[in-house]
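Q: Please take a close look at one part of this structure, the surroundings of a single aromatic side chain, and set that part within the whole.

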Amino acid sequence: MAIRPKELPETTENWAEADFKGRSKSIMTLMRGYTLVMDEPRHLGGSGEAPSPMDYLVNSLAGCTAVILERCAKDAKLEIGSLKVKSAIVYSPRGIAGLEGYQSNPSEAHSEIWLEVDADDEQIEALKAQYFRRCPVYNLFKAAGCAMRDTWHVNE
């Protein structure tokens with residue numbers, strides 16, 4: 001069953017709190033009660049014991065792609081047989097380090113999407129269009145000037 005727009009609030013809020021533990025490590029508490037650990041790799045001064053902020057960033061792209069595609073398919077009354085997403089981002093550690101001439105935000109993102117869905121070509125193109133319009137993480141990257149590349153493997 002699709003979510004009806006009138007049942008959704010116009011806006012909502014989410015938050016995360018970082019409790020810094022030293023050596024680039026933080027314990028993150030999320031609004032819904034989840035706890036995560038965030039750390040940097042050893043070569044960047046962390047302990048390497050947990051995912052880095054950039055790990056979580058690329059994870060958000062892959063995860064949001066899967067969630068939004070499933071939601072769009074459900075709204076279009078399409079049945080997904082299987083769905084797998086692998087995302088990668090390119091960014092400059094020099095930009096994060098503050099060196100002039102380098103940006104800190106990702107410059108490229110690539111997602112490879114394997115999708116089995118009972119749909120014709122027109123329905124698949126409509127599904128993709130809805131995904132590109134509705135995925136907040138994809139659109140955040142795009143609005144930041146990140147070059148977005150997608151490789152689709154549909155019913156292969």
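A: Of the 156 residues in this protein, 29% count as buried; the model is a predicted one. The exposed surface amounts to about 10500 Å², and carbon and sulfur atoms supply 52% of that area. Along its principal axes, the C-alpha trace spans about 50 × 35 × 25 Å. The secondary structure consists of four helices and six strands, arranged along the sequence in the pattern β-β-β-α-β-α-β-α-α-β. Among contacts between residues at least 6 apart in sequence, 51% join residues at least 24 apart. With regard to charge, the protein carries 18 positive and 23 negative charges, and the mean positions of the two sets are 4 Å apart.

The part chosen for closer inspection is centred on W152, a residue of strand β6, which runs through residues 147–154. W152 has a relative accessible area of 16%, and because the limit for a buried residue is under 20%, W152 counts as buried. Leaving aside residues up to four places away in sequence, W152 touches L69, I113, L115, K128, Y131 and F132.

Two of these contacts, Y131 and F132, lead to an aromatic cluster. Y131, F132, Y138 and W152 together form one such cluster. The structure holds five aromatic pairs. One of them joins F132 and Y138, with 5.2 Å from centre to centre and 50 degrees between the planes, a geometry classed as tilted. The two partners differ in accessibility: F132 is partly exposed at 27%, whereas Y138 is buried at 6%.

A further contact of W152, L69, leads to helix α1. This helix comprises the 23 residues 53–75, and its end C-alpha atoms are 32 Å apart, in agreement with the 33 Å expected at 1.5 Å a residue. L69 is among the buried residues of α1, which are M54, Y56, V58, L61, A62, C64, T65, I68, L69, C72 and A73. In interpreting such a list, the periodicity of the helix is relevant. An α-helix has 3.6 residues a turn, so residues three or four places apart point the same way. Within the buried set, L61, C64 and I68 may be read in that light, as may T65, L69 and C72. After α1 comes K77, which has a positive phi, near 60 degrees.

Two further comparisons place this part within the rest of the chain. W152 and E49 are separated by 103 residues in sequence, and their C-alpha atoms lie 33 Å apart in space. S26 offers a second buried strand position: S26 belongs to strand β2, residues 25–30, and has a relative accessibility of 11%, which counts as buried. Apart from residues up to four places away in sequence, S26 touches A18, D19, F20, K21, L36, V37 and M38. The C-alpha atoms of S26 and S52 are 9.9 Å apart, with these positions 26 residues apart along the chain.

In summary, W152 is a buried residue of strand β6 that touches L69, a buried residue of α1, and belongs to an aromatic cluster with Y131, F132 and Y138.

Methods
Residues are numbered from 1 along each chain as its sequence is written. This is a predicted model: local features need pLDDT of at least 70, side-chain atom pairs count only at pLDDT 80 or more; totals for chains, interfaces and linings use all residues. Side-chain values use heavy atoms; hydrogens and water are left out. Helices (H or I, at least four residues) and strands (E, at least two) are DSSP runs, numbered from the N terminus. Buried means under 20% relative accessible area, exposed over 50%, partly exposed in between (1.4 Å probe, protein chains only). Contact means heavy atoms within 4.5 Å. The expected span of a helix is 1.5 Å times one less than its number of residues. Accessible areas come from the Shrake-Rupley method with a 1.4 Å probe; for residues, only the protein chains shown count as cover. Lys and Arg count as positive and Asp and Glu as negative; His and the chain ends are not counted. The place of a charge is taken as NZ of Lys, CZ of Arg, CG of Asp or CD of Glu. Rings of Phe, Tyr and Trp (its six-membered ring) pair if their centres lie within 6.5 Å; planes under 30 degrees apart count as stacked, over 60 as edge-to-face and the rest as tilted.
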